[in-house]
Number of protein chains: 2
Amino acid sequence: MLGRNIREKRREKGYSQDAFALAAGIDRSYIGRVERGEVNITVEKLYEIAAVLQCEPASLLPT
Amino acid sequence: MLGRNIREKRREKGYSQDAFALAAGIDRSYIGRVERGEVNITVEKLYEIAAVLQCEPASLLPT
C-alpha cells in the first residue's frame, strides 16, 4: 500500500513525521493520513514526497 | 510528461480516446485533459488507467 511504502521510506531516511512535514512543506496531520492510506494523493504530490525522500516516485508505488 | 506517456500507451494499445474513455468509464474530455497535462490525476486514477491499458502504473510515470 502506498502509504506504508512512504512511511517505510521516511523512516529509512531517518525522518520523523514532524521533520518530514517540515522538509516537504506539508502539514504533519496530512502526512499521517497519507501514510494510513486515508488520502488519495495526486501524482504530483507523489513526486514532491519522493523528491524529499530522495527516491524514485515509482519506487513508492505498491507492486 | 505523464499525459504524453498515457497517450502513447493508449495509441500503442489501439484505443481511440472515445474507446478508452468507454473502457475506463471515464469522461472523454477528461482523458483529453489528462493527456494534455491539464489535470493532476490521483495515484488511484493512475492505477485505473494503467489497468485498462494493461501496463504497470510505474511504466507511465515520466522518468
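**A shared core and the A/B interface**

In this predicted model, the largest nonpolar core takes in 38 residues, and those with the most contacts inside it are A:Ile41, A:Ile49, B:Ile41 and B:Ile49. A nonpolar core here is a set of buried Ala, Val, Leu, Ile, Met, Phe, Trp, Tyr and Cys residues joined through side-chain atoms within 4.5 Å, with buried meaning under 20% relative accessible area, exposed over 50% and partly exposed in between (1.4 Å probe, protein chains only). Two or more core residues come from each of α1 (2-12), α2 (17-24), α3 (28-35) and α4 (43-52) of chain A, and likewise from α1 (2-12), α2 (17-24), α3 (28-35) and α4 of chain B. Helices are DSSP runs of H or I, at least four residues long, numbered from the N terminus. In soluble globular proteins, nonpolar side chains tend to be buried together.

B:Ile41 has neighbours in both chains: leaving out residues up to four places away in sequence, it touches A:Thr42 and A:Val43, plus B:Leu2, B:Ile6, B:Tyr30, B:Val34, B:Leu46 and B:Ile49. Contact means heavy atoms within 4.5 Å.

On to the interface itself. Here 12 residues of chain B are in contact with 12 residues of chain A. The buried area (accessible area, 1.4 Å probe, lost when the two parts are put together, summed over both) is about 1000 Å², with carbon and sulfur atoms giving 61%. On the chain B side, B:Asn40, B:Val43 and B:Leu61 lose the most area to chain A, together 47% of what that side buries.

As for polar terms, the rule finds zero salt bridges across the interface, a salt bridge being a side-chain nitrogen of Lys or Arg within 4 Å of a carboxyl oxygen of Asp or Glu. Polar contacts come to eight residue pairs, both partners at pLDDT 80 or more; these are N or O atom pairs within 3.5 Å, where one atom must be able to donate a hydrogen and the other to accept it, and residues adjacent in sequence count only through two side-chain atoms. In chain B, α4 (43-52) and α5 (57-60) each supply at least two residues of the side touching chain A, and α4(B) gives the most, with four.

Back in chain A, A:Lys9 sits in helix α1 and is buried, at 18% relative accessible area. A:Lys9 touches A:Leu53, A:Cys55 and A:Leu60, not counting residues up to four places away in sequence.

Residues are numbered from 1 along each chain as its sequence is written, and chains are lettered from A and ligands numbered from 1 in the order written. Local features need pLDDT of at least 70 and side-chain atom pairs count only at pLDDT 80 or more, while totals for chains, interfaces and linings use all residues; side-chain values use heavy atoms, without hydrogens or water.
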